[in-house]
Amino acid sequence: MDGQSFFDPIILSVKISAIASVIVFGLAALFARWMARARFFGKSLVETLLLLPLVLPPTVIGFILLVALGRRSLIGEWYEKLFNGPILFTWGVAVLAAIVIAFPLAYRTMRAGFEGVDRDLEDAARAQGASEWQVFRYVTMPLAANALRAGYVLGFARALGEFGATLMVAGNIPGRTQTIPTAIYVAVDGGSMRLAWLWAAVMILLAFVMLLVANRYSKS
């Protein structure tokens, strides 16, 4: 493994997923709440755009991010001047790729939870003088809590398993950007099947636990 620890891809994958899942949770909750209640022209178009990464191949997402964040792009130039280095092929851009890929799954789960909240209960709280924030904090959030938890867990699991987009924008640099999925790919390509099986076993175990937790919340 050329001096690389077996646990390096595992630690990096968990770190990327943990950061991405927190950001995804906030964004998905915000958009899910808005889309569950809002009525406006073009809502179906906005909904389609939010869910588009769910059906696009990850390599397409990776290609778009590669173009948008490359050195010749405005974002890429700005980032390089500000931080004295490119954003591509860093673990930070792997977090961004994981956010884009994981968002739709978390969003769909959370929106279903918000849509299941009884509006009469929210209106009753407003009638008692509660502000919109108080209604959201003390009525909507508790009633949609299971869906929010399930959305977070699914977002974490999806970010953990991201491969295509991550490989395109972050590459596969051992100790820096190599996640479990990319490590498995390289191990198989190099004929290290035992190592690939070990990483795959870790991935299966983590994914199984995440789905088990999400399934528990979705049914409770």
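Two rings of Phe, Tyr or Trp, the six-membered ring being used for Trp, are taken as a pair when their centres lie within 6.5 Å. In this predicted model, the count by that rule comes to twelve aromatic pairs.

**Aromatic contacts**

One of these pairs joins tyrosine 79 and phenylalanine 83, whose ring centres are 4.6 Å apart and whose planes make an angle of 35 degrees, an arrangement classed as tilted. Both residues belong to helix α4 (residues 74-83), and because they stand four residues apart there, about one helical turn separates them. Tyrosine 79 is partly exposed, its relative accessibility being 22%. Elsewhere, Phe31, Trp34, Phe40, Phe103 and Tyr107 come together as one aromatic cluster.

Charged side chains also meet aromatic rings in this model. Lysine 15 is placed over the face of tryptophan 91, at 4.2 Å from the ring centre, and arginine 137 is placed over the face of tyrosine 138, at 5.2 Å from the ring centre.

**Salt bridges**

With a side-chain nitrogen of Lys or Arg required to be within 4 Å of a carboxyl oxygen of Asp or Glu, the model has eight salt bridges. Three of them are set out here, with the N to O distance for each pair.

| Basic residue | Acidic residue | N to O distance |
|---|---|---|
| Arginine 33 | Glutamate 122 | 3.1 Å |
| Arginine 71 | Glutamate 80 | 3.4 Å |
| Arginine 126 | Glutamate 132 | 2.6 Å |

The salt bridge between glutamate 122 and arginine 33 connects two helices: glutamate 122 lies in helix α6 (residues 119-127) and arginine 33 in helix α1 (residues 8-37), so the pair ties together parts that are 89 residues apart in sequence. Both partners fall under the 20% limit for buried residues, since glutamate 122 has a relative accessibility of 2% and arginine 33 has a relative accessible area of 15%. Arg33 and Glu122 are, moreover, linked with Arg37 in a network of salt bridges.

How exposed or buried are the partners in the other two tabulated pairs, beginning with arginine 71? Arginine 71 counts as exposed at 54% relative accessibility, whereas glutamate 80, its salt-bridge partner, is partly exposed with a relative accessible area of 24%. In the remaining pair, arginine 126 is partly exposed at 28% relative accessibility, and glutamate 132 likewise counts as partly exposed, at 48%.

Notes:
Residues are numbered from 1 along each chain as its sequence is written. This is a predicted model: local features need pLDDT of at least 70, side-chain atom pairs count only at pLDDT 80 or more; totals for chains, interfaces and linings use all residues. Side-chain values use heavy atoms; hydrogens and water are left out. Buried means under 20% relative accessible area, exposed over 50%, partly exposed in between (1.4 Å probe, protein chains only). Rings of Phe, Tyr and Trp (its six-membered ring) pair if their centres lie within 6.5 Å; planes under 30 degrees apart count as stacked, over 60 as edge-to-face and the rest as tilted. A charge sits over a ring if NZ of Lys or CZ of Arg is within 6 Å of the ring centre and within 35 degrees of the ring normal.
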